[in-house]
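Thanks for asking me to look at this one. Here are a few notes on helix packing and internal space, to read with the structure open.

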Amino acid sequence: MRLALELDDVSFAYRHGQPVLESVSLVVEEGEFVAVAGPNGGGKTTLVRLALGLERANAGSVRLFGEPAHRFSRRSMLGYLAQRSQLGTEAPATVREVVSAGRLAAGGLLGPLRRRDRAIVDDAVAEVGLAGLAETPLSRLSGGQQQRAFIAKALAGEPGLLVLDEPTAGVDAESQEAFAGLLARLHRDRHVTTLYVSHEFGAVEHIVERLVLVRGTILFDGHPRQLPAEWHDPSHAHV
């Protein structure tokens, strides 16, 4: 068993604040698709920031592919899709330019992309169904298409771990279904290790095999069918 992510008895509080997470332990194996849910303010985003090494735990340890997360040396292995409000979707760059930026980050390249890098970019654009829109400015795309473009950017970096933060927020139902289909293919064909962070999972419920509920600590970790009935009440965990 190879581990992508390990949180061992982790606690965290922002400076002079109340604890956000307490005694959190979580293990994610390579190739898993793990959904992370919980109420606003419950610690989902903090867990993600700890997992990516963007914050350091006050107690306990966080490891990425065997290394301490805050000193992880292979940052190109991490693909992170932030919430749409943070993605800069009004930028004039084309789809191909956005996706190429993911390849530059992976290779630390200066100047034009090499032939292999261009092929990887083209494959990533095609993978998300945007080959016919590769030269289109991102700002002209629908919300769902923009999300797929940013997924392609992450894929161009050939990530070992893909983290999606509220990826379908503000996206119409049809685009959510297309997005879920893309994630299902990536999980099936590429075995991309994925953390899918959201307050609802209707679009991806058919591919979620493991659900983690977070509210200050981990309340549940298992198959969604094993979720106790009371936790389906939005007043508990917003799932």
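**Notes on helix packing and the cavity**

1. Let's begin with α3 and α4, bearing in mind that this is a predicted model. Helix α3 covers residues 115-127 and helix α4 residues 143-156; they pack at an angle of about 145°, and their axes lie 8 Å apart. The handedness of this crossing is right-handed.

2. Which residues make the contact between these two helices? On the α3 side they are I120, A124, V125 and E127, and α4 contributes A152, L155 and A156. Sorted by class, the residues of the α3 and α4 contact come to six nonpolar and one charged, with no polar residue.

3. Next along the chain comes helix α5, residues 173-190, which packs with α4 at an angle of about 20°, the axes being 9 Å apart. Because angles under 35 degrees count as roughly parallel, α4 is roughly parallel to α5. Here too you will find a right-handed crossing, with α4 passing α5.

4. For the contact itself, it helps to pick out the side chains on screen. From α4, look for G144, Q147, R148, I151 and L155; they meet S175, F179, L182, L183, L186 and R190 of α5. The contact of α4 with α5 contains six nonpolar, three polar and two charged residues. L155 is worth a second look: this α4 residue takes part in the contact with α3 and also in the contact with α5.

5. Now for the empty space. How many cavities of 30 Å³ or more does the structure hold? There is one, and the volume of the largest cavity is about 30 Å³.

6. What lines the largest cavity? The lining consists of F33, L162, L183, L186, H187, V192 and T194. With three residues, α5 gives the most to this lining. By class, five of the lining residues are nonpolar and two are polar, while none is charged.

7. One last link between the points above, for when you rotate the view. L183 and L186 belong to the α5 side of the contact with α4, and both L183 and L186 are also among the residues that line the largest cavity.

Terms used
Residues numbered from 1 in each chain as written. Predicted model: local features only at pLDDT ≥ 70, side-chain atom pairs only at ≥ 80, totals over all residues. Heavy atoms only, no water. Axes fitted to C-alpha atoms, helices over the stretch in contact; angles between N-to-C directions. Helix = DSSP H or I, 4+ residues; strand = E, 2+ residues; numbered from the N terminus. Left-handed = near helix turned anticlockwise from the far one by under 90°. Contact = heavy atoms within 4.5 Å. Nonpolar A, V, L, I, M, F, W, Y, C, P; charged D, E, K, R; others polar. Parallel < 35°, antiparallel > 145°, perpendicular 65-115°, else oblique. 1 Å grid on protein atoms, 1.4 Å probe; cavity = no way out; pocket = protein on both sides within 12 Å on 5 of 7 lines; lining within 4 Å. Points joined across faces, edges and corners; volume = space filled by probe spheres on them.
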